[in-house]
Every structure is written in structure tokens, then in C-alpha cells.
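Please look over the sequence and the model below before reading on. This report goes through a few parts of the fold in turn, with the residue names given so that each can be found.

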Amino acid sequence: MYPIITLRRHREESILRHHPWIFSGAIAQMPPDIVPGSVVRVCSSDGRFLAVGHYQPATIAVRVLSWDDRRIDDAFWRQRITAAWQMRKTLGLTDNAETNAFRLIHGEGDGLPGLVIDCYDHTAVMQAHSMGMHEARNTIAQALKEVCADNIHHIYYKSETTLSKTNHPAMLNGYLLNSEPTAPLSQSGGAVAMENGMRFHIDLERGQKTGFFLDQRDNRSLVGHYAKGKTVLNLFCYTGGFSCYALRGGAARVDSVDSSERAIQLVNENVMLNFGAQRRHKAICADAFQFLDTTEEMYDIVILDPPAFAKHRQSLHNALQGYTRLNKLGMERVVPGGLLFTFSCSQAISKEHFRGAVLNAALQAGRKAHIVCQLQQGMDHPINVCHPEGEYLKGLMLYVE
């Protein structure tokens, strides 16, 4: 049916616990002509069937699609997408008058490792993180169209930055279903999506990830809850999600800082879109570390939401040093009795590692800090209980004396 990959003796334990990754070091034998992106059957050393998954020549050699010995056909994709849609429906995201932006497929959390699909109004953005998902993109788009026909009218494929061009040198981003949506566009292109009653320009083609960081929805709301009358510093602001929630929450002043001129343009567009000309907001194009090193301003609320400092375990030490330095500088800018919202989106950084870095930062800054809330990714980014690595977003809300 499919090429067979055989594991080494006693290397099936994690697979039997339904962990969806099979590492290259666990493989004993496989066909010499196996094509990257192929669907394969995985068997134990004594020939027992274990799983079906996508193969690629990498450290994570197989990403498991099914624990049943079945074909990965049209029915499979429809079943998985239907299950994911039903989960979002249960969470109140598929028919919400105030929120039309949510994650529909979250890789391992939805039993489809290597695949991300985010929905912005009637446009879905698909991103492949494995060669198998890339090869199946058109089949997935067809299944998505069939399952969500009344809700999704456009499917944009965006994987140039998530897959190696060595394997796919001619791969281009583009629409798999229909053309560019006719919804309102930002000055630089992209759809306008709604989140908790606020509107945001989504740069589908050039924006980071799929265009917006949907995983921070609940944490943005939390910032807004505490922002009334406060001065707020939003570092690594990107499109200004935290800034807009703080402004809606009644913040006295919000400073948004990002090193990207493109991000500063987007945050200004989003503030204008929601509030019009706004004297309470200032967008600053600057490196976050340099800004913290040079500013003398103190803030009631400081938000640290940097990009991943560690994408691999090999960079763990340097990343922890970076988190420690950033949080030290951030704490030094919080007024006594203020709040620090700090995050790590590095999958290689555990909650314990991150908390340790924040502890060291408090000691170096000479500030007493109290964890008043632990934060994580939104509900539409589910974590497979057999795949703890899926809990990639770690956050702390700290009261700083």
C-alpha cells in the first residue's frame, strides 16, 4: 500500500504512547528510493504496524497522520478538517459576530502535523511545515472547500518561508481557491479581519506567519482589562494588537516599538482603523533592546512579546541569556506596583526554562516580582496531550514591586 519504514528494536515506545514524531535515529530500515513527502507505513522491528505518516529526510523523519492502517485519501482530509471545524464551532469561533479570525488547523493539536490553516473572515491562509503537507496542498484545499464552503471563499497558500527552497526551488505563494478577496484592503494589501470587535489589517502576502498572531487573542484582552488610565509600552509590537486593546481599555498613553518600518506602518494603520487619529498612541521604529537601554520613561504596563529566540535546542543557552537580559531591561521600565506581560514563543524553551530566565532577570534588576497569572496560546491552538511540545507559547503576568 505505502512504502514501509522499520524502526530499531525498542524504539517504538513513544509511538505506542501516540507521540506524533518519529526521529531519524529510530529508523532501522527504509526503501532506498523513498521520495520526500511520501506517505509511509511505520512498523516495529518485529513487523507490527504502528502508524501512517509523512516522511521527509530530516531530524523529524516521520510525522504521524494516523494510528490506523488506512489510506490517506480525500475522506481522511475531510474527516480531519470537519473535526477541527467542529472544535472551533464548540469554542464559539465559527459564527461569532465580533470575531472572524481564528486558527482552524493547528498541526499536531488537530492531528495534522506540519499543517497550519488560519481563517480571516472568508479567506483561509494555508501554511505547510513539512514536504508531505506541501505535496498534499491541492487535495487539502479541495477538502477545505467542501467542508467549509459557506464560510471559506478564498484559500491562500503561503509556505515559501517554512519549507526549504533546496527541496522546492520553484515553489511560489499564491491562491489555491479563487483570486484575491474583494474585502476592504489595507494600504499595503491584505484582508481586514475582526477580533473581539476590533478590526485589523492582515497582510497575507508579506506579513509574518499567516499575517497575524492569533495565538495572543486572550492575552491581548487581558492587557486591555488592566489598561484603564495606564501608560503602556508594547515592545516587538508588530501589527499593534496589544496596543489597540490597551487603547480600547482606556490607556492614558501607549508607545508601540518595533524595529521594522513595515510593522510601524501596520500598527499605525490599525490604530487609525479602530480609533481614528489618536494622540494617546505613538509608534516608534527602534530596536527593542536599544530602546530599553536608552529610554528613561517608566510605564505602568510593559509588554514583551519577542520573536522566537531559540528555534533549536542548540541555541538554548544563548536564548535564555537573551530572555534574561530582555526581562531585566523590561522590569527596570515598570513603575513600582506596575505590571509586566512577558512571553516566549520558542518551542525549545520549556516553561521551567522561561520562568528561570525571568527569575534571574528580577534578581539582576533588583526588583521583586510576583507571578499573578500564567498565560498560554488561545483555545484555537489546541495541545495534543500526547505532544507536550505543542505548548509553545509561554507567558507570565507579573506584578513588579
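In this predicted model, Thr-231, Leu-233 and Leu-235 point one way from strand β14, while Val-232 and Asn-234 point the other way, and all of these residues are buried. Strand β14, which covers residues 231-235, is thus described as mostly covered, with five of its five residues buried.

## Strand β14 and its partners

What lies beside β14 can be told from its pairing. With strand β15, made of residues 253-258, β14 pairs in the parallel sense over five bridges, and within this pair Asn-234 stands opposite Ser-256 of β15. β14 is also joined to β17 by four bridges, and these two strands run parallel; here Val-232 stands opposite Ile-301 in β17. Together with helix α6, the strands β14 and β15 make a right-handed β-α-β unit.

The loop between β14 and α6 contains Phe-236, and Tyr-238 lies in that loop as well. Phe-236 has a positive phi, near 55°, although the residue is something other than glycine, and Tyr-238, which is not a glycine either, has a positive phi of about 50°. Which side of the cut-off do these two residues fall on, buried or exposed? Buried means under 20% relative accessible area, so Phe-236, with 19%, counts as buried, and so does Tyr-238, with 8%.

The table sets these two loop residues beside two residues from helices, Glu-13 and Lys-145.

| Residue | Place | Relative accessible area | Class |
|---|---|---|---|
| Phe-236 | loop between β14 and α6 | 19% | buried |
| Tyr-238 | loop between β14 and α6 | 8% | buried |
| Glu-13 | helix α1 (residues 13-16) | 36% | partly exposed |
| Lys-145 | helix α4 | 39% | partly exposed |

## The nonpolar cores

The largest nonpolar core has 34 residues, and those with the most contacts inside this core are Tyr-120, Ile-303 and Phe-341. At least two residues of this core come from each of β13 (198-202), α6 (241-248), α7 (261-275), β17 (299-304) and β18 (334-344). Helix α6 gives the most, with five residues.

What does Phe-341 touch, when residues up to four places away in sequence are not counted? Its contacts are Leu-222, Val-223, Ile-301, Val-302, Ile-303, Leu-304, Leu-375, Leu-396 and Met-397. A second core, separate from the one just described, has 33 residues, and among them are Val-39, Trp-77, Ile-152 and Tyr-157.

## Two helices with a buried side

Helix α10 has 15 residues, 351-365, which at 1.5 Å a residue should span 21 Å, and this agrees with its end C-alpha atoms, which are 21 Å apart. Its buried residues are Phe-354, Ala-357, Val-358, Ala-361, Ala-362 and Ala-365. These residues cover an arc of only 140° around the axis, and therefore they are on the same side of α10. A general rule helps in reading such a list: an α-helix has 3.6 residues a turn, so residues three or four places apart point the same way. On the other side of α10, Glu-352 and Leu-363 are exposed.

Which elements do the buried residues of α10 pack against? They pack against helix α9 (316-332) and against the strands β18, β19 (369-376) and β20 (394-400). After α10 comes Gly-366, whose phi is positive, near 70°.

Helix α4, residues 137-147, can be read in a similar way. Ile-140, Ala-141, Ala-143 and Leu-144 are buried in this helix. Seen down the axis of α4, its buried residues fall within an arc of 165°, and so they line one face of the helix. Lys-145, also in α4, is partly exposed, with a relative accessible area of 39%.

## Two separations along the chain

Finally, two pairs of residues show separations in sequence and in space. Glu-13 and Ser-44 are 31 residues apart along the chain, and their C-alpha atoms are separated by 9.9 Å. Lys-145 and Ile-301 are 156 residues apart along the chain, and 43 Å separates their C-alpha atoms. Ile-301 has already appeared twice, opposite Val-232 in the pairing of β14 with β17 and among the residues that Phe-341 touches.

Note on methods
Residues are numbered from 1 along each chain as its sequence is written. This is a predicted model: local features need pLDDT of at least 70, side-chain atom pairs count only at pLDDT 80 or more; totals for chains, interfaces and linings use all residues. Side-chain values use heavy atoms; hydrogens and water are left out. A nonpolar core is a set of buried Ala, Val, Leu, Ile, Met, Phe, Trp, Tyr and Cys residues joined through side-chain atoms within 4.5 Å. Buried means under 20% relative accessible area, exposed over 50%, partly exposed in between (1.4 Å probe, protein chains only). Contact means heavy atoms within 4.5 Å. The expected span of a helix is 1.5 Å times one less than its number of residues. The arc is that of the directions from the helix axis to the C-beta atoms. Two strands pair if DSSP finds at least two bridges between them. A crossover is right-handed if, with the strands pointing away from the viewer, the path from the first strand over the helix to the second runs clockwise.
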